[in-house]
Amino acid sequence: MSATMLQVAEDLLVFPGAGHLPPTYKDLISNLPTLPEAEASDGSIPIIDLEALHGPRRAEIVKQLGQACQLQGFFAVKNHGIPRPTVDSIFDTTREFFHQPKEERMKFYTPDPNSDIRLMNAYKDEVANVYVARESLKFHCHPVEKYVNKWPTNPPSFRKSAAEYLTNVRRVEITLFGAISESLGLETDYIEKKLGGHYVSLNYYGACEQSNLELTYGVRAHTDPTIITILLQDEVPGLQALSEGKWMDVNPIPDTVVVHVGDLLQAISNHRFKSLLHQAMVNCEKERMSIASYCYPSSDAMIGPPEKLIDSDHPAVYKDFTFKEFSEQMWKVIAFDDARLNSFKCSAA
Ligand code: OGA
Ligand code: NI
């Protein structure tokens, strides 16, 4: 398998634990999504007030959040309580890490998808004729004490900044899971009880040097194989989400994070919530950074829809399956989108 093909495969994997069935070249190509031809346009993004979830308006905010998951598949979160210096510090650290000489960054390169930490490089996909400009450092981060010793020591601020940000993000995640569970009419801890680890990707998109932007992506269209993804963007635009058949710019809103519905929440919600197709473009003038926090279940957690969400009007769309089965399947059906779930559908053979 060529380096390019491997990188395409690697780009799909945002969590470890998958089996080792290498995808074939044909699988990769036949599963490339066809992108709708649409102008990206600015639009309104639902904004959820996290602090208000702890007060008398909880029921109202839970409802807003459920609607955002159902209608848009993503929302921004304000009053998330992650201190500004913590945010500044993770971006400073990320910038310093990626500005280091390549040899220093490449210390974290490995082709092993099960490695606790790995660097992924930008690459050209000769077949699809696109350049994917993202460089990312992906690593396990929960519990922090278990993994911190694997993280870089250059820049020296790395471990402290990352630990601080990730501890904060975990808290935001747990609060959101409580509200998302309630929005589905489930016990507050329904999703939290399924949680396993946490994986993070520090994403770095260099200012593009190529004039033909159509062929240069930050990252190509994909859904995340997570329950939810929490994305912290710096102030440079680039993220786009597919909304009502059109690409919509999800431009950074100061002091907010963006939350996406991932494939596994689509299954847990019995397809009431839809996994968000998104992509990132590069900017010709400025570098861009984002921090994506992916949360995934424990390997034996059951992911199919709960009985409460199934009735004669809403038959079960998915069978019960474990996260381990899902991870193994990811390597058999290499897909950029929720086709990863197809074999778990009730109608599947
Ligand atoms: C991701 C992702 C988008 C961005 O890391 O999964 O979709 O804007 N990132 O960096
Ligand atoms: Ni993503």
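Which strands each supply at least two residues of the shell around ligand 1? To find out, open the predicted model and begin at the ligand.

**Stop one: ligand 1**

Select ligand 1 together with the residues around it: Ser201, Asn203, Val219, Asp224, Leu231, Gln233, Gly238, Leu239, His278, Ala280, Ser290 and Ala292. Coloured by class, this shell shows 6 polar residues, 5 nonpolar ones and 1 charged one. Now display the strands. The ones that each give at least two residues to the shell are β8 (195–205), β10 (228–233), β14 (278–281) and β15 (288–297).

**Stop two: the sheet**

Next, select the strands β2, β3, β13, β10, β15, β8, β7 and β4, which in that order make up an open sheet of 8 strands with mixed pairing. Go to the edges, where β2 and β4 (117–120) stand; each has a single partner strand, so one side of each lacks a neighbour in the sheet. Turn the view to follow the twist, which averages 25° from one strand to the next. Among the strands of this sheet, β10, β15 and β8 also appeared at the ligand, where each supplies at least two shell residues.

**Stop three: strand β3 and its partners**

Select residues 74–78, which form β3. Is this strand mostly covered or mostly open? Mostly covered: 4 of its 5 residues are buried.

On one side, add β2 (residues 47–49). This strand runs parallel to β3 and is joined to it by 3 bridges. Isoleucine 47 is found opposite alanine 76 of β3. To trace the connection, select helix α3 (residues 58–71): the chain passes from β2 through α3 to β3, a β-α-β crossover that is right-handed.

Then add β13 (residues 257–261), which is antiparallel to β3 and joined to it by 4 bridges. Here alanine 76 has valine 258 as its bridge partner, while phenylalanine 75 stands opposite valine 259. Show the side chains along the strands as well. In a regular strand, they alternate between the two faces of the sheet.

**Stop four: helix α7**

Finally, select residues 158–183, helix α7. How far does α7 reach from its first C-alpha to its last? The span is 37 Å over 26 residues, close to the 38 Å expected at 1.5 Å a residue. Step past the end of the helix to glycine 185, just after α7, where phi is positive at about 80°.

Key
Residues are numbered from 1 along each chain as its sequence is written. Chains are lettered from A and ligands numbered from 1 in the order in which they are written. This is a predicted model: local features need pLDDT of at least 70, side-chain atom pairs count only at pLDDT 80 or more; totals for chains, interfaces and linings use all residues. A residue is near a molecule or strand if its C-beta atom, placed from the backbone, lies within 6 Å of it. Ala, Val, Leu, Ile, Met, Phe, Trp, Tyr, Cys and Pro count as nonpolar, Asp, Glu, Lys and Arg as charged, and the others, Gly among them, as polar. The expected span of a helix is 1.5 Å times one less than its number of residues. A residue is buried if 20 or more other C-beta atoms lie within 10 Å of its own, exposed if 12 or fewer, and partly exposed in between; C-beta atoms are placed from the backbone. Two strands pair if DSSP finds at least two bridges between them. A crossover is right-handed if, with the strands pointing away from the viewer, the path from the first strand over the helix to the second runs clockwise. Axes are lines fitted to C-alpha atoms, for helices over the stretch in contact, and angles run from 0 to 180 degrees between N-to-C directions.
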